[in-house]
Amino acid sequence: MRARFFGCPGWLIPAFFMGLSGVMGQSAKRLDSLAAQLRGSARDTAYVDTQNRYGWQLLQVSGFKRADSVFRETERLSEQLDYPAGRHHMYYNRGLSLYYQDQPAKALAYVQKARELEQAYPDRIPVRHRPMVLSLTGVLYFACHNYKQSLRYYLSAIRLAEEQHVTYRITPAYLGVGNVLKVMNKPAQALTYYQKALDASRLEPEPRMRVLAENHMGDALSESATPDFPKALIHYQNALPVAERNGARGPLSDVLTNIGRVQLALGHYQQALSFLKRSEKICRSDSLKDQLGAVYWIAGQAYQALRQYALAETNLLKALHIARQIGDADETRKRMQTLAGFYQQSGRYELAYRYEHQTALLNDSLFNVQAARHTQELTTKYETAKKENQLNLLRAESAQTKLRITAILTGAILLLLLAGAVSAWLLNRSRLRRLEEAHALRQQIAQDLHDEVGSTLSSISLLSGHTDRLLSENRPETARHMVQKIYTDARQILESIDEIIWTINPGNDSLERIIQRLREYARPLMESKGIAFTFDADPSLELLPVPMDVRRNLYLISKEAINNLVKYADATEATVRFDKQHDRLVVRIDDNGKGFDTEAVSIRNGQQGMKRRAEAMDGQLTVASRAGQGTSLQLVVGLATSL
């Protein structure tokens with residue numbers, strides 16, 4: 001199937017309604033949650049970011065008109081707030097929306113605007129968003145059949161992502177290179193990039209990227225010269241539950257259609273039809289014509305194999321009608337040829353001849369187009385050869401000039417050799433420093449695992465043995481409490497390991513990632529307690545690099561403060577703010593809760609541990625609180641020395 005990278009176009013059995021209602025229910029919950037955030041937020045940069053997420057979520061359920069309205073408001077507010085990052089993300093989303101609606105040429109205008117913003121505000125556009133725009137540009141050129149430009153932008157996206165250690169939405173770029181190589185009839189190289197896409201998708205925060213990667217790998221295996229349908233089916237089946245759980249309607253439709261196609265090839269005709277009917281329902285509700293035509297075409301062949309000729313004819317004719325309607329000459333030719341074979345099998349030779357004749361005419365037309373392209377390629381090669389001859393003449397004329405400067409170059413080379421020797425010495429010193437840093441990192445990881453995981457694992461081991469004894473003594477209620485404690489400890493271990501991995505990941509070496517993680521951690525906790533929560537950050541801070549030790553201490557201090565606020569403050573309002581004051585980072589966490597006596601020693605709030613972490617990164621931590629007057633925590637870290 002001709003899958004799309006971000007969403008794709010993709011009959012009526014009772015089981016489907018259960019699957020679709022689950023998908024729609026999850027999407028509706030996400031939309032309701034984002035709408036609630038918009039209603040309760042000030043119209044600041046965080047509001048713009050939420051609007052972008054809300055508009056993007058609308059695109060996943062084909063709410064294009066509503067999304068367009070949201071994006072217009074986002075653009076207006078971004079300009080008022082002088083927030084180019086919000087406008088940049090909005091342009092990306094608008095380009096994506098037009099692509100979903102089969103308007104790639106119009107979409108290119110918006111990604112061009114996004115790239116112009118990157119040039120105008122190089123320090124204010126998040127690095128992780130730039131490969132996304134390059135990758136979408138590649139998608140749009142591919143949709144316009146400009147494969148050279150498409151490949152150029154995909155490779156640019158991959159190069160930038162690897163240089164900046166970006167893992168967010170980079171999977172489509174690898175998929176795009178694979179698809180271009182596939183069009184260029186290089187299946188082995190294409191398969192290599194599909195595998196890279198699958199590996200990249202496992203690092204993505206969005207599950208839909210895994211769906212797309214598995215789906216494309218299935219396509220590569222099932223559409224090769226020697227198709228491996230069972231192996232392709234495994235990849236499609238891997239993608240299916242992820243798409244169903246995460247409300248990715250377009251990719252879900254494509255996966256269902258592909259499973260139907262492979263089941264047809266394996267001779268499982270009824271199973272093929274059950275998946276195709278589910279896909280048809282999505283295509284009809286979301287007006288996905290391209291995918292709907294593919295569904296009809298495959299279903300027609302399945303009915304033909306089952307000798308249900310009336311249904312086969314109906315579906316094949318619908319598929320041909322859609323191919324003609326959207327102007328897809330290649331699909332029109334394939335479907336006419338399928339109809340010719342169908343009418344020949346059913347003994348209707350006049351119709352078979354008619355469609356064979358139309359197929360031949362279309363083949364001639366396509367041949368003429370290909371011949372014209374080939375002629376253009378030859379003309380281009382001829383012009384290139386002429387220019388090469390002219391360059392050769394210029395080279396001959398400049399040969400004498402080159403002789404004159406040989407002596408100068410010789411001296412320069414000697415200087416370069418000397419510089420190289422010095423550089424090698426400096427590089428050796430740099431390697432020694434890196435070895436020391438790696439040793440320190442290993443020690444830090446070992447210490448973290450010992451402190452945060454080792455004791456809890458010991459506790460789980462003891463509790464497990466105790467639980468066995470309680471069960472043998474027929475004391476199930478007490479054993480149940482022990483099992484609950486084991487479950488709680490296991491979750492604590494998972495959270496600790498997740499934090500350790502997050503801390504050492506070089507992709508998180510920026511304040512933007514710390515701010516994002518704290519925002520995602522704090523918001524659900526605040527909502528669970530009914531606390532009106534505001535999280536603000538100075539945009540100029542987001543791209544600042546943060547060493548691993550500073551990142552860990554900064555994150556854990558803020559997390560501890562947020563935990564204390566939620567558990568003990570009894571607050572109705574809370575604010576977290578990251579500011580830059582001269583050469584210092586200032587983090588403030590304020591609430592209007594009941595407060596406490598700061599002079600009293602308290603194990604509960606962990607102030608001593610927080611202060612030790614602040615001192616470890618040469619920072620200052622102050623806590624101001626009075627009974628009935630709320631609490632204010634301020635952490636100050638020097639940017640010049642620590643960050």
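In this predicted model, the axes of helix 4 (residues 84–100) and helix 6 (residues 129–143) come within 11 Å and cross at roughly 25°. That angle makes helix 4 roughly parallel to helix 6; angles under 35 degrees count as roughly parallel, over 145 as roughly antiparallel, 65 to 115 as roughly perpendicular and the rest as oblique. Axes here are lines fitted to C-alpha atoms, for helices over the stretch in contact, and angles run from 0 to 180 degrees between N-to-C directions. Helices (H or I, at least four residues) and strands (E, at least two) are DSSP runs, numbered from the N terminus.

Before I continue, a word on the basis of the model. Residues are numbered from 1 along each chain as its sequence is written, and side-chain values use heavy atoms, with hydrogens and water left out. As this is a predicted model, local features need pLDDT of at least 70 and side-chain atom pairs count only at pLDDT 80 or more, while totals for chains, interfaces and linings use all residues.

Returning to the first pair, helix 4 passes helix 6 in a left-handed crossing, that is, the near helix is turned anticlockwise from the far one by less than a right angle, clockwise being right-handed. Which residues of helix 4 meet helix 6? They are His88, His89, Tyr92, Gly95, Leu96 and Tyr99, and their counterparts in helix 6 are His129, Met132, Val133, Leu136, Val139, Leu140 and Ala143, where contact means heavy atoms within 4.5 Å. The residues of this contact comprise nine nonpolar, four polar and no charged. In this classification Ala, Val, Leu, Ile, Met, Phe, Trp, Tyr, Cys and Pro count as nonpolar, Asp, Glu, Lys and Arg as charged, and the others, Gly among them, as polar.

I turn next to helix 14 and its two partners. Helix 14 (residues 289–305) packs with helix 16 (residues 329–345) at an angle of about 20°, their axes being 11 Å apart. Helix 14 is therefore roughly parallel to helix 16, and their crossing is left-handed. Gly293, Ala294, Trp297, Gln301 and Gln304 of helix 14 make this contact with residues of helix 16 including Glu331, Lys334 and Arg335. Three nonpolar, six polar and three charged residues take part in the contact of helix 14 with helix 16.

With helix 15 (residues 309–325), the axis of helix 14 comes within 7 Å, and the two cross at roughly 155°. Helix 14 is thus roughly antiparallel to helix 15, again in a left-handed crossing. Among the contact residues are Leu292, Tyr296 and Trp297 of helix 14, and Leu311, Leu316 and Ile322 of helix 15. The contact of helix 14 with helix 15 divides into 11 nonpolar, six polar and two charged residues.

Now the sheet. In what order do the five strands of the open sheet stand? The order is 1-2-3-5-4, and the pairing is mixed; two strands pair if DSSP finds at least two bridges between them. Strand 1 and strand 4 (619–625) stand at the edges with a single partner strand each, so one side of each is left without a neighbour in the sheet. The twist averages 10° from one strand to the next.

Strand 1 (residues 532–537) pairs with strand 2 (residues 573–581) in the parallel sense over six bridges. Threonine 534 has threonine 575 in strand 2 as its bridge partner. Between these strands the chain passes through helix 22 (residues 548–568), and this β-α-β crossover is left-handed; a right-handed one would run clockwise from the first strand over the helix to the second, with the strands pointing away from the viewer.

Strand 2 and strand 3 (residues 584–591) run antiparallel, joined by eight bridges. Valine 576 has isoleucine 589 in strand 3 as its bridge partner, and arginine 577 stands opposite arginine 588. Their hairpin has two residues between the strands, and histidine 582 takes a positive phi near 60° there. Strand 3 and strand 5 also run antiparallel, over eight bridges, with valine 586 opposite valine 636 in strand 5.

Finally, helix 23 (residues 607–616) lies across strand 4 and strand 5 (631–638), running at about 150° to strand 4.
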